[in-house]
Every structure is written in structure tokens, then in C-alpha cells.
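Student: I would like to understand the reasoning behind the labels that get attached to a structure. Could we go through some of them together?

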Amino acid sequence: MGSSRLCSRSACRQAAIATLTYVYADSTAVLGPLATYAEPHCYDLCTVHAARLTAPLGWEVVRLALPEAGRLGNDDLYALANAVRENSTQAPAAPSPEAPAPRTSPPAIEPGAGQGMTRRHLRVLREANPES
């Protein structure tokens, strides 16, 4: 279940584990866990390049917690799968005793009421008058 993305540094063929982004307004570089999706203005880095990262003079580097170097082993994956199975076989929780009242929609405007209007126009739906 590893990442198929590689480090963005040239000539590096290692798997990426972190994503580097810049906040230019704050002169900050943020290094965090690998992003879910590859973004065009972010850089994916391997373990070595993430550890060696330096920022330009006057910039601050914010390092968020990175995942451990070791990946999940087979035992960990089986334990995770068993926990998910146990959770899915448990009886669903009973609904709360205070169920919300069903919503009613206001009456629609009659078709003849909007002469000359095309389908692209917005229509005003009036709420039902409780006194009538």
C-alpha cells in the first residue's frame, strides 16, 4: 500500500514520504505528510531530502509530523482488517429517541402564474400561510 509518487528532486528515484509547500506571504516553507493528491505547486520529497531541507535566508521552516520510515507489516494489516470486520458486524446503533419532524415543502407556483418566463428564471416559492 505504498505511494507510487517519487521524490521531486532531480535524479532521485526514491519514494516520496512528505510534501513541501510554500506560503510566500509569510515567508514560510511547510513540510508535512505526503499530500493525498499531487498538486502542481507542491514538491514531494523522499526521507533523505525531507531531512536535509533548508529554506532561503529569512524564511521559516514548519515541519509537521511525518510518518514513520517503516511501513505497516502483514500483522498490522491483518489486525486492521479484523478490526474493520468486527466493527461492521456489530449491530447498528438505535436511532435517537428525538427524531426530527419531517420537513414539508411549500406549495409550488401554478404553471399559468409565470406567463412569459423561461425555464432559466428563478421562481419565488411562498411559504404556506398557517392562518388559511
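What follows is a conversation about how several labels are reached for this predicted model.

Student: What is the overall pattern of the protein chain, and how many helices and strands does it have?

Tutor: The protein chain has two helices and four strands, and along the sequence they are arranged as β-β-β-α-β-α. Of its 132 residues, 14% are buried, and the chain exposes about 11600 Å², of which carbon and sulfur atoms supply 54%.

Student: How do you know that β1 pairs with β2 and with β3?

Tutor: The criterion for pairing is at least two bridges between the strands. β1 (18-23) and β2 (28-33) are joined over six bridges in the antiparallel sense, and one example is Thr 21, whose bridge partner in β2 is Val 30. β1 and β3, residues 43-45, are joined over three bridges, again antiparallel, and here Thr 19 has Asp 44 as its bridge partner in β3. Both counts, six and three, satisfy the cut-off of at least two.

Student: Why is the contact between Tyr 22 and Tyr 43 called edge-to-face?

Tutor: A search of the whole structure finds four aromatic pairs. In the pair of Tyr 22 and Tyr 43, the centres are 6.2 Å apart and the planes make an angle of 75°. Ring centres must lie within 6.5 Å to pair, and planes over 60 degrees apart count as edge-to-face, so 6.2 Å makes this an aromatic pair and 75° makes it edge-to-face. Because Tyr 22 lies in strand β1 and Tyr 43 in strand β3, the pair ties together parts that are 21 residues apart in sequence.

Student: Which residues make up the aromatic cluster that includes Tyr 22 and Tyr 43?

Tutor: The cluster is formed by Tyr 22, Tyr 24, Tyr 43 and Trp 59.

Student: What makes Tyr 24 exposed, whereas Tyr 22 and Tyr 43 count as partly exposed?

Tutor: Exposed means over 50% relative accessible area, buried means under 20%, and partly exposed is the range in between. Tyr 24, in the loop between β1 and β2, has 60% and is therefore exposed. Tyr 22 at 31% and Tyr 43 at 40% fall between the two limits and are therefore partly exposed.

Student: How do you know that these three tyrosines can belong to a surface patch?

Tutor: Residues of a patch need over 30% relative accessible area, a limit that Tyr 22 passes with 31%, Tyr 43 with 40% and Tyr 24 with 60%. Tyr 22, Tyr 24 and Tyr 43 make a nonpolar surface patch of about 350 Å².

Student: Why is the phi of Ser 27 worth pointing out, and where does this residue lie?

Tutor: Most residues other than glycine have a negative phi. Ser 27 is not a glycine, yet its phi is positive, at about 50°. The residue lies in the loop between β1 and β2, in a hairpin that has four residues between the strands, and with a relative accessible area of 26% it is partly exposed.

Student: Where is Ala 11, and what is its phi?

Tutor: Ala 11 is found in the segment before β1, and its phi is near 70°, a positive value in a residue other than glycine. At 83% relative accessibility, Ala 11 is above the limit of 50% and so counts as exposed.

Notes
Residues are numbered from 1 along each chain as its sequence is written. This is a predicted model: local features need pLDDT of at least 70, side-chain atom pairs count only at pLDDT 80 or more; totals for chains, interfaces and linings use all residues. Side-chain values use heavy atoms; hydrogens and water are left out. Patches are made of residues with over 30% relative accessible area and no salt bridge: like charges are joined within 9 Å, nonpolar side chains (Val, Leu, Ile, Met, Phe, Trp, Tyr) within 5 Å. Accessible areas come from the Shrake-Rupley method with a 1.4 Å probe; for residues, only the protein chains shown count as cover. A salt bridge is a side-chain nitrogen of Lys or Arg within 4 Å of a carboxyl oxygen of Asp or Glu. Buried means under 20% relative accessible area, exposed over 50%, partly exposed in between (1.4 Å probe, protein chains only). Rings of Phe, Tyr and Trp (its six-membered ring) pair if their centres lie within 6.5 Å; planes under 30 degrees apart count as stacked, over 60 as edge-to-face and the rest as tilted.
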